[in-house]
Amino acid sequence: MKITTIPLEEAVGLPLAHDLTQIDAKNHKKSARFKKGQVITEADLETLRGMGRENLSIMEMSPGDVHEDDAARQLGEVLCGDNLRLTEPSEGRCNLVAESSGILWYLAETVNRVNQDPDWVLSALAPHRPVLAGQVVAGFRIRPLVMEDYRVERAVAAVRGGKPFTVLPFKPLKVGLITTGKEIVDKKVEDAFRPKLLEKLSRLNGTLMGQRFRTDSLEQISEAIAAFLSEGADVIICTGGMSVDADDKTPGAIRSRCRKISFQGTPALPGAMLMLGWAESPEDGRDVAVIGAPACVAFDDRTALDKLLPFVFAGMEPGDLVRRWGVGGLCEHCPTCHYPACSFAAGS
Ligand SMILES: Nc1nc2c(c(=O)[nH]1)N[C@H]1C(S)=C(S)[C@@H](COP(=O)(O)OP(=O)(O)OC[C@H]3O[C@@H](n4cnc5c(N)ncnc54)[C@H](O)[C@@H]3O)O[C@H]1N2
Ligand code: MOO
């Protein structure tokens, strides 16, 4: 590749080597004001001077050179999996954008392998966190203007095929809520979890199908789980009674109705007493998630339950990943909560 730098005035009639960025900090605007390949005209000179340009780069590519736009596009085509869209390059950068709300899925190792070449930049939101439709989940580019084709091919090969970036979309699941505790049944304490759950469901594409109140009795909680199962619930959440008190009966009730227990206890705080089991739907035999949520879910806005629900709504069994939730899994209780734009939302 040959890049020739020439004074602005001599560039009239010649094509630009790369996009030229204009930043208007006062109005918080940043865009590619001139695009790669655009032929400079007399009328453009005033604008270019206003952007502080005195010289421009005119490029002649050599055989084997890949322009930044093409490099980013080639990587994007192998990265972009289900429910994501690849954007056109702008200023040499492409993005992956979520087409549905869901859980972002990829292996950290894929990103690290591409970035072994210090001139590649592949940067993504943390894996396994919830994302919204329309959200940029990854951006990538090369650092120089052009790169040798073998380095682009090496990055493409490092992805190892399979379109590894995907969004697992949230399904419209129906949730049954069982609120346990004699003090709540007796109306001495008002349930504080229902409004918090409604806010969570609005992000997850879920609906609350009903709420049952039960005292700390294994039989009563177990019967309420069975009732929601027979009414067609996809997810059943039992709150309270998950800890070590004599009256804590919820885990036993969940075990009484589940054919499999995924976990009881997670290394995330708050919410460490969280539990997940799977019951059989009497309707069609499908798996129904039965969650035991410790009482802190009624108090804290974000708990281990927020790490679990995206998996359940994406139809995923978190499995061994739960044992990795300790990394980043300590909520900072920020004065203004930015969840899920924080390490607490990320899954290792
Ligand atoms: N010695 C120990 N103490 C505690 C442990 C422990 O391991 N050892 N675990 C702590 C953790 S972690 C949690 S979380 C809490 C609560 O666990 P539980 O799920 O058993 O909570 P309860 O005993 O049922 O209730 C505690 C408290 O919260 C109020 N509550 C419960 N549900 C609601 C609701 N839906 N809305 C409003 N308030 C609610 C309840 O009235 C009690 O005051 O235990 C720690 N302690
Ligand atoms: O389960 Mo407790 O929830 O860590 O606060």
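Here are some notes on a predicted model, point by point, for someone opening it for the first time.

1. Start with ligand 1. It has 19 residues around it, and the closest are Glu183, Asp191, Gly241, Ser243 and Ala295. If you sort that shell by type, you get 10 nonpolar, four polar and five charged residues.

2. Now look at how ligand 1 is held by polar atoms. A side-chain N or O atom of Glu183 sits 2.6 Å from an oxygen atom of ligand 1. The backbone joins in too: an N or O atom of the Ser243 backbone is 2.8 Å from an oxygen of the ligand, and a polar backbone atom of Ala295 is 2.9 Å from an oxygen of ligand 1. On its own, ligand 1 has 870 Å² of accessible area, and the protein covers 62% of that.

3. Ligand 2 comes next. Which residues surround ligand 2? They are Leu269, Pro270, Gly271, Ala272, Met273, Pro294 and Cys296. By type, this shell splits into six nonpolar residues, one polar residue and no charged ones.

4. The polar atoms facing ligand 2 are worth a look in the viewer. A polar backbone atom of Gly271 is 2.8 Å from an oxygen atom of the ligand. For Ala272, a backbone N or O atom lies 2.9 Å from a ligand 2 oxygen, and for Met273 the corresponding distance is 2.8 Å, again from a backbone N or O atom to an oxygen of ligand 2.

5. While you are there, check the peptide bond between Leu269 and Pro270: it is cis, with omega at about 0 degrees. Pro270 belongs to the loop between β17 (258-264) and β18 (275-280), and both Leu269 and Pro270 are part of the ligand 2 surroundings. Another cis peptide bond joins Tyr339 and Pro340, with omega at about 5 degrees. Pro340 is in the segment after α9.

6. Tyr339 also leads you to Asp306, since Asp306 touches Lys200, Asp301 and Tyr339, leaving out residues up to four places away in sequence. Asp306 is part of helix α9, which covers residues 304-313. Is Asp306 buried or exposed? It counts as buried because its relative accessible area is 4%, under the 20% cut-off. Its side chain makes a polar contact with the side chain of Arg302, at 2.7 Å.

7. Glu223 is another acidic residue to click on. You will find Glu223 in helix α7 (residues 218-230). Its relative accessible area is 38%, so Glu223 is partly exposed. Apart from neighbours within four places in sequence, Glu223 is in contact with Arg214 and Arg257. To get a feel for scale, try Gly347: Glu223 and Gly347 are 124 residues apart in sequence, and their C-alpha atoms are 34 Å apart in space.

8. Glu99 sits in the loop between β7 (94-98) and β8 (102-105). Not counting residues up to four places away in sequence, Glu99 touches Asn83, Leu84, Arg85 and Ala133. Glu99 and Val131 are 32 residues apart along the chain, with 9.8 Å between their C-alpha atoms.

9. Two residues might catch your eye on a backbone plot. Glu91 is not a glycine, yet it has a positive phi of about 55 degrees. Glu91 is in the loop between β6 (84-86) and β7, and it counts as buried because its relative accessibility is 15%. Lys163, also not a glycine, has a positive phi of about 45 degrees. Lys163 is in the loop between α4 (149-158) and β13 (166-169). With 42% relative accessibility, Lys163 counts as partly exposed.

10. Last, the cysteines. A disulfide is a covalent bond between the sulfur atoms of two cysteines. How many disulfides does the count come to? Zero. Take Cys238 as an example: the closest cysteine sulfur to its own is the one in Cys258, and at 8.6 Å that is too far for a bond; the cut-off is 2.5 Å. Cys238 is buried, with a relative accessible area of 0%.

Conventions
Residues numbered from 1 in each chain as written. Chains lettered and ligands numbered in written order. Predicted model: local features only at pLDDT ≥ 70, side-chain atom pairs only at ≥ 80, totals over all residues. Heavy atoms only, no water. Near = heavy atom within 4 Å. Polar contact = N/O pair within 3.5 Å; in protein donor to acceptor, adjacent residues only side chain to side chain. Nonpolar A, V, L, I, M, F, W, Y, C, P; charged D, E, K, R; others polar. Helix = DSSP H or I, 4+ residues; strand = E, 2+ residues; numbered from the N terminus. Buried < 20%, exposed > 50% of the residue type's maximum accessible area, 1.4 Å probe, protein only. Contact = heavy atoms within 4.5 Å. Areas by Shrake-Rupley, 256 points an atom, 1.4 Å probe, with all protein chains shown as cover.
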